[in-house]
Amino acid sequence: MTLRQIQHISTGRATSDGAGVRLTRLFGGATPERFDPFLMLDEFGSTQPDEYIAGFPAHPHRGFETITYMLEGRMRHEDHLGNVGLLESGAVQWMTAARGVIHSEMPEQQQGAMRGFQLWLNLPAKLKMSDPDYRDYAAEEIPRATLPNGIEAVVIAGRLTADGVDLAGAVQRAETEPQLFDLHLPDGCHLEPQLADGHRLMLYVYEGEISVSGKTLHRHQLAVLSERGQLRLEAQADARVLLLAGRPLGEPIVQYGPFVMNSREEIEQALRDFRDGLLTD
């Protein structure tokens with residue numbers, strides 16, 4: 001049996017976004033085709049209010065989807081469509097920017113921990129100018145499973161099939177077929193989830209330590225894996241792992257800040273539309 005192998009390991013880089021929110025950019029920016037259909041993954045986490053309190057004031061997006069997964073804290077979303085949502089611990093916000101959204105994400109707390117992830121997922125060319133959409137999923141709305149060996153899985157998107165469990169996540173997307181799981185693995189446990197050959201696969205260890213086909217991944221390491229074969233994970237200490245997999249679109253990716261299109265001309269049109277107040281028309 002062919003096992004998926006680690007091809008590249010990275011640790012991200014410290015940066016800030018919005019009005020000065022401190023975060024770690026695990027990937028994003030240069031060479032986006034390498035992570036297709038995913039565009040960016042940020043991890044934010046702090047107990048210091050001055051590192052998150054200014055939040056993300058109103059800003060635009062076009063051409064992709066954003067997925068925000070809150071581990072701890074409270075964040076309020078508001079957008080030009082009139083959507084208002086409160087993200088609390090364990091909740092997920094799934095926003096399809098498509099032809100244009102202007103929104104804000106602001107903390108609803110003055111102290112304590114603010115911790116979570118934001119993932120950008122590309123849209124195919126045929127959907128980039130479709131209608132925007134928005135949905136909040138409270139923690140209790142997201143399917144969860146406890147496997148026989150004690151592994152706990154939060155199935156945000158796609159389908160988890162492993163160890164007798166076959167569970168559909170909260171979100172399905174036919175074009176990119178994303179799988180987004182938050183896996184909690186007790187020390188010594190094994191997991192072999194079923195993943196489609198040809199799909200991009202990444203693992204981010206945000207707590208503990210795991211072994212992937214005999215190679216160790218430590219805390220705060222992101223791994224890009226080969227695209228064929230069986231994935232085999234083993235926890236070498238109690239671990240929490242974000243698993244991301246999806247079908248590459250194989251289309252040109254041109255990004256300028258919060259706009260992701262297929263050509264420079266489309267980016268220039270997005271900039272004109274935003275300048276002229278037409279981005280959301």
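Accessible area here comes from the Shrake-Rupley method with a 1.4 Å probe. With that in hand, show the whole surface of this predicted model: the protein chain has about 11900 Å² of accessible surface, and carbon and sulfur atoms hold 47% of it.

**Stop 1: the whole chain**

Switch to cartoon. You should find one helix and 24 strands. Along the principal axes, the C-alpha atoms fill a box of roughly 55 × 45 × 30 Å. The radius of gyration is 18 Å, which agrees with the value near 19 Å that a compact globule of 281 residues would have. Colour by burial next, and 51% of the 281 residues come up as buried. A contact map is worth a look too: among contacts between residues at least 6 apart in sequence, 72% join residues at least 24 apart.

**Stop 2: the largest pocket**

Now for the empty space. Rolling a probe the size of a water molecule over the atoms shows where such space is left.

The largest pocket holds about 400 Å³. Select Asp 17, Arg 25, Met 40, Phe 56 and Trp 120, which are the closest to its centre out of 23 lining residues. To see the walls, highlight β2 (13-17), β3 (21-28), β4 (38-46), β5 (56-61) and β11; each of these gives two or more residues to the lining. By class, that lining splits into nine nonpolar, nine polar and five charged residues.

**Stop 3: the second largest pocket**

Move on to the second largest pocket, with a volume of about 200 Å³. Its lining is a selection you can type in one go: Thr 11, Arg 22, Leu 23, Thr 24, Glu 43, Phe 44, Gly 45, Arg 115, Tyr 204, Tyr 206, Arg 219 and His 220. Here β3, β4 and β19 (200-212) are the elements that give two or more residues. The lining has four nonpolar, four polar and four charged residues.

**Stop 4: the closed cavity**

Hide the surface and go inside. There is one cavity of 30 Å³ or more, and about 50 Å³ of space lies in it. Select Leu 41, Ile 67, Tyr 69, Phe 117, Gln 118, Leu 119, Leu 180 and Leu 242 to see what lines the largest cavity. Which strand gives the most to this lining? That is β11, with three residues. Both β6 (64-72) and β11 (114-122) supply at least two. On class, the lining has seven nonpolar residues, one polar and no charged.

**Stop 5: three residues to click on**

Start with Tyr 256, in strand β23 (residues 254-256). Buried or exposed? Tyr 256 has a relative accessible area of 51%, so this residue is exposed, the cut-off being over 50%. Beyond its neighbours within four places in sequence, Tyr 256 is in contact with Ile 267 and Leu 271. Draw a distance from Tyr 256 to Leu 271 and the C-alpha atoms come out 9.0 Å apart, with their positions 15 residues apart along the chain.

Then pick Asp 273, which sits in helix α1 (residues 264-275). Asp 273 counts as buried because its relative accessibility is 10%, and buried means under 20%. Leaving aside neighbours within four places in sequence, the contacts of Asp 273 are Arg 62, Leu 278 and Leu 279.

Last of the three is Arg 76, in strand β7 (residues 75-79). At 26% relative accessible area, Arg 76 is partly exposed. Show its surroundings: not counting residues up to four places away in sequence, Arg 76 touches Val 84, Gly 85, Leu 86, Ser 104, Glu 105, Met 106 and Glu 108. Leu 86 is ten residues away along the chain, yet the C-alpha atoms of Arg 76 and Leu 86 are separated by 4.5 Å.

**Stop 6: backbone oddities**

Finish with the backbone torsions. Go to the loop between β3 and β4, where Pro 37 is found. What is the peptide bond from Asp 36 to Pro 37, cis or trans? That bond is cis, with omega near 15°.

Then look at Asp 163, in the loop between β15 (159-162) and β16 (165-168). Asp 163 is not a glycine, but has a positive phi of about 50°. Its relative accessible area is 40%, so Asp 163 counts as partly exposed.

Ser 213, in the loop between β19 and β20 (215-217), also has a positive phi of about 50° without being a glycine. Ser 213 is partly exposed as well, at 22% relative accessibility.

Note on methods. Residues are numbered from 1 along each chain as its sequence is written. This is a predicted model: local features need pLDDT of at least 70, side-chain atom pairs count only at pLDDT 80 or more; totals for chains, interfaces and linings use all residues. Side-chain values use heavy atoms; hydrogens and water are left out. On a 1 Å grid over the protein atoms alone, a cavity is a set of points where a 1.4 Å probe fits but cannot get out, and a pocket is an open set with protein on both sides within 12 Å along at least five of seven lines; lining residues have an atom within 4 Å of a point. Grid points are joined across faces, edges and corners, and a volume is the space filled by probe spheres set on the points. Helices (H or I, at least four residues) and strands (E, at least two) are DSSP runs, numbered from the N terminus. Ala, Val, Leu, Ile, Met, Phe, Trp, Tyr, Cys and Pro count as nonpolar, Asp, Glu, Lys and Arg as charged, and the others, Gly among them, as polar. The radius of gyration is taken over C-alpha atoms; the globule rule is 2.2 Å times the number of residues to the power 0.38. Buried means under 20% relative accessible area, exposed over 50%, partly exposed in between (1.4 Å probe, protein chains only). Contact means heavy atoms within 4.5 Å.
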